[in-house]
Amino acid sequence: MTALKEFAPKLYLTELLLDDFDVRGALILSDTHAVVWDTLSHPRDMQPVLPLLRDKRLWIVYSHADWDHVWGTAGLPPGEIFAHSEAYARFAADVPQELNAKKLEQPGAWDAVSLVPPQMVFSGQLHLDLGGLTLELHHLPGHTRDCLVGFIPQWGVLLAGDTLETPLPVVNEDSPLALWIEGLARWQGDERVKTVIPAHGETGDRQLIARNIAYLRSLIDGREYDDLPAIMSAFYHDTHAKNKIYARRA
Ligand SMILES: [Zn+2]
């Protein structure tokens, strides 16, 4: 069951424990709009946010098209969905494949999921005017090629999706590591960023960006990163091993 936490006035976090890891989305409220940042893994994950949507205009943002970020959309009333154009393309490729695989693995468990592709797609950046509040969406390819971050300048909040993660970020086979580091370095150097909210692991400040950059650099350099916790879950232990292999191949 999703825990809904009021992180700051008008900013709620949706936090959920999945089998192997936890995931976090957000709900941003303005006077006129409700923005759901990621719909998590299943329509039921969105239940706690429903009472807060009331009569507001609903916008949904997909930080990227991985299953734990976009499968809950059918649990929300209809709204406009924003994402990077490459996320849209994934809805005709790996997104349905992943759902079919999960359905075979766990019969019955995912029947309520219906995939809802984004309608409002962009590349580069897009600024959403929420009426007195802005949500800037910026492409930050790395973890996947369709990854976005969301920046709210009035609050100094950076919603990082899977571009940042604790204890370590998840590298995929085709992750563009140099571009990823470049994108993160831009935000690390941006003094407007006060609070950083990733989709997995700890929330924090720009230190979190610095740590993820250092980790990714160690992968590129083929050095062992020396700032990992002594004990990590099996998921992150395996991910670290895979990250090193993928970085070597890149
Ligand atoms: Zn994720």
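Student: How many bridges join S4 to strand S5, and do they run parallel or antiparallel?

Tutor: Strand S4 is joined to strand S5 (residues 57-61) by 5 bridges, and the two run parallel. One matching spot is Ala34, which stands opposite Leu58 in S5. Two strands count as paired if DSSP finds at least two bridges between them. The strands themselves are DSSP runs of E, at least two residues long, while helices are runs of H or I with at least four, all numbered from the N terminus.

Student: Before we go on, where do these values come from?

Tutor: This is a predicted model, so local features need pLDDT of at least 70 and side-chain atom pairs count only at pLDDT 80 or more, while totals for chains, interfaces and linings use all residues. Residues are numbered from 1 along each chain as its sequence is written, and side-chain values use heavy atoms, with hydrogens and water left out.

Student: OK, back to S4. Which strand does a hairpin join to it?

Tutor: That's S3, and the hairpin connects S3 to S4 through 3 residues. S3 and S4 pair in the antiparallel sense over 4 bridges. In that pairing, Ile28 stands opposite Val35 in S4.

Student: Why is S4 largely enclosed by the rest of the structure?

Tutor: Because 5 of the 5 residues of S4 (residues 33-37) are buried. Buried means under 20% relative accessible area, exposed means over 50%, and partly exposed is in between, using a 1.4 Å probe and protein chains only.

Student: Which residues sit on each side of S4?

Tutor: His33, Val35 and Trp37 are on one side, Ala34 and Val36 are on the other, and all of them are buried, so both faces are covered. As background, side chains in a regular strand alternate between the two faces of the sheet.

Student: New topic: what are the protein donors of the zinc ion?

Tutor: Asp68 (OD), His69 (NE2), Asp162 (OD) and His200 (NE2), which lie 2.1 to 2.7 Å from the zinc ion. Donors here are N, O and S atoms within 2.8 Å of the metal (3.2 Å for Na, K and Ca), and as water is not among the atoms, sites may look incomplete.

Student: Why is the arrangement irregular?

Tutor: The 4 donor atoms subtend angles of 84 to 171° around the zinc ion, which makes it irregular. Four donors count as tetrahedral if all angles lie between 85 and 135 degrees; four count as square planar and six as octahedral if opposite donors are over 155 degrees apart and all others between 65 and 115, and anything else is irregular.

Student: What spacing do the zinc donors follow along the chain?

Tutor: The pattern is D-H-x92-D-x37-H. Asp162 lies in strand S11 (residues 157-165) and His200 in strand S12 (residues 195-200), so this pair ties together parts that are 38 residues apart in sequence.

Student: Are Asp162 and His200 buried or exposed?

Tutor: Both Asp162 and His200 are buried. S12 is mostly covered too, with 6 of its 6 residues buried.

Student: In which sense do S11 and S12 pair, parallel or antiparallel?

Tutor: Parallel, over 5 bridges. Glu165 stands opposite His200 in S12, the zinc donor we just met.

Student: Last one: where does Asp94 lie?

Tutor: Asp94 is in helix H4. With 28% relative accessibility, Asp94 counts as partly exposed. Asp94 and Asp38 are 56 residues apart in sequence, and their C-alpha atoms are 18 Å apart in space.
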